[in-house]
Amino acid sequence: MALKRFSVLDLLALDLKEHDSLDLHCVCGRRGLVREITIPDLNRPGLALSGFFESFAYQRVQLFGRGEVAYLNKILSEGKLDTIEQLFSFNLPCCIFTHNLYPGQAFVDLAEKTGCPVLQTGLESSEFTSRLLRVMSTVFAPKISLHGVLVEVYGLGILIMGDSGVGKSETALELIERGHRLVADDVVEISCLNGNSLIGQGANKIIGHHMEIRGLGIINITQLYGVGSIRERKEVQIVAKLEEWDANKVYDRLGTEELTMDILGVRIPRLEIPVKPGRNVPIILETAAMNERLKSMGFFSAKEFNQNVLKWIETDAARAPYYGVDDTY
Amino acid sequence: MTTKSVTIKNRAGIHARPAALIAQTANRFASEIVIEREDTRINAKSIMGIITMAASYNSVLTLCAEGSDEKEAVDALYLLFENKFEED
């Protein structure tokens with residue numbers, strides 16, 4: 001999926017809470033807020049301020065901390081505006097001042113003139129840097145939207161997939177009824193963070209946590225089952241594919257083979273669950289979740305069972321000489 | 001694969017009722033039908049998916065179908081959009 005244009009305005013409009021908050025507001029250069037941020041990184045423009053513009057990373061967000069502002073004040077008081085003019089001749093996405101520092105009127109005027117947005121944050125530079133990089137890695141993460149239902153069962157994120165009408169939503173509803181949580185129904189937006197974890201969430205926050213159940217229509221899960229029954233985002237840890245029972249297909253009877261599915265380059269376990277009247281799919285998913293947790297703790301039911309069988313056969317074989325007809329010892 | 005682009009002509013955009021109409025129509029066909037809007041692709045057989053797209057008046061969507069009855073499916077959906085979902 002192609003990445004949407006991410007502008008400075010989008011950065012300001014991000015709904016970030018508490019320890020994620022960037023605490024940004026715009027000081028001037030409002031008309032430049034549509035400028036695009038193309039690189040998920042920032043630059044401290046110390047060298048550029050001193051007049052050295054070689055290899056200047058102008059495409060990045062420019063971060064001004066105490067040091068930069070002190071230097072800026074010095075050159076402004078000396079009336080040396082040429083380096084600042086030169087700085088603004090680059091198409092900078094935006095300049096951000098930490099500690100709510102004010103860059104000085106001359107700087108603001110120049111920014112306004114060139115249409116470069118100047119933002120302020122109350123955070124200190126190091127904290128702001130780590131938060132911004134974290135936010136940017138989420139924004140610029142590869143994304144894909146899949147058709148399915150994402151539920152959290154016993155703490156494990158299960159993405160239920162399958163054709164329309166196979167009973168994904170009904171299965172999810174039963175799971176919610178049993179105390180598990182709904183993350184997203186129908187459209188699950190998955191982003192790949194750090195190249196190894198898949199975070200799933202609903203495509204639209206405003207109309208999220210609704211489900212369509214055939215025969216009932218659209219229902220609001222939050223109001224029906226309470227906030228305890230929903231979650232905003234959750235890592236996708238297993239894919240459960242529901243399919244109509246096919247008499248000709250061989251389904252896994254032992255559980256020793258491990259199927260996987262590739263989403264955005266990350267391989268996660270995949271289950272194929274045949275659906276047929278009388279099969280209680282929610283209970284199967286609950287058990288699958290617990291079984292998967294056991295696996296991650298080092299207990300692999302199917303393999304352990306097989307090892308016990310082997311051991312038993314072995315001991316039986318060892319005892320055979322004592323009881324068998326063959327006593328040549 | 002058959003594709004066709006459509007413009008939403010009813011003022012209210014795709015709200016719950018048109019979404020239900022689209023999903024109902026799409027479900028009549030065996031083909032896999034996808035609606036594209038900018039960078040999102042959604043399954044035309046799911047009501048919630050279509051609503052989540054939040055397509056407003058005058059936005060342009062692309063209908064894509066793949067399967068045995070893809071042409072009929074796209075034509076049927078196209079007609080729905082052209083008739084403004086029997087609204088206005």
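**Briefing: a predicted two-chain model**

Chain B has three helices and four strands. Chain A has 10 helices and 17 strands. The model is predicted. The points below take each chain in turn, then two groups of strands in chain A, then the contact between the chains.

**Chain B**

- Read from the N terminus, the elements of chain B follow the order β-α-β-β-α-β-α.
- Chain B has a radius of gyration of 11 Å, and the globule rule gives 12 Å for 88 residues, so chain B is as compact as a globular protein of that length.
- The C-alpha trace of chain B spans about 35 × 25 × 20 Å along its principal axes.
- Buried residues account for 41% of the 88 residues of chain B.
- Take the contacts in chain B with a separation of 6 or more: 72% of them link residues 24 or more positions apart.

**Chain A as a whole**

- Chain A holds 10 helices and 17 strands. Its radius of gyration is 29 Å, well over the 20 Å that the globule rule gives for 329 residues, so chain A is more spread out than a compact globule.
- Along the principal axes, the C-alpha atoms of chain A fill a box of roughly 105 × 65 × 30 Å.
- Of the 329 residues in chain A, 29% are buried.
- Contacts between residues at least 6 apart in sequence were also counted for chain A, and 71% of these join residues at least 24 apart.

**Around strand 5 of chain A**

- Strand 5 of chain A covers residues 118–121. In a regular strand, side chains alternate between the two faces of the sheet.
- Here A:V118 and A:Q120 point one way, while A:L119 and A:T121 point the other way. All four of these residues are buried.
- Strand 1 of chain A, residues 24–28, pairs with strand 5 of chain A in the antiparallel sense, over four bridges. A:L24 has A:T121 as its bridge partner in strand 5 of chain A.
- Strand 4 of chain A, residues 95–97, runs parallel to strand 5 of chain A, and three bridges join them. In this part, A:I96 stands opposite A:L119.
- Helix 5 of chain A, residues 105–114, joins the picture too: strand 4, helix 5 and strand 5 of chain A make a right-handed β-α-β unit.

**An open sheet in chain A**

- Strands of a sheet pair through backbone hydrogen bonds, either parallel or antiparallel.
- This open sheet of chain A has four strands in the order 6-10-11-14, with antiparallel pairing.
- Strand 6 (143–147) and strand 14 (233–235) of chain A stand at the edges. Each has a single partner strand, so one side of each is left without a neighbour in the sheet.
- On average, neighbouring strands of this sheet are turned by 30 degrees against each other, direction ignored.
- Strand 11 of chain A, residues 197–202, runs antiparallel to strand 14 of chain A, with three bridges between them. A:G200 has A:K234 as its bridge partner in strand 14 of chain A.

**Where the chains meet**

- In the contact between the chains, 15 residues of chain A touch 15 residues of chain B.
- On the chain A side, strand 6 and strand 12 (210–213) of chain A are the elements that give two or more residues.
- The side of chain A that touches chain B has six nonpolar, five polar and four charged residues.
- Strand 6 of chain A thus appears in two topics: it stands at an edge of the open sheet, and it gives residues to the side that touches chain B.

Note on methods
Residues numbered from 1 in each chain as written. Chains lettered and ligands numbered in written order. Predicted model: local features only at pLDDT ≥ 70, side-chain atom pairs only at ≥ 80, totals over all residues. Rg over C-alpha atoms; globule rule 2.2 N^0.38 Å. Buried ≥ 20, exposed ≤ 12 C-beta atoms within 10 Å, placed from the backbone. Contact = placed C-beta atoms within 7 Å. Pairing = 2+ DSSP bridges. Axes fitted to C-alpha atoms, helices over the stretch in contact; angles between N-to-C directions. Nonpolar A, V, L, I, M, F, W, Y, C, P; charged D, E, K, R; others polar. Right-handed = clockwise from strand over helix to strand, strands pointing away.
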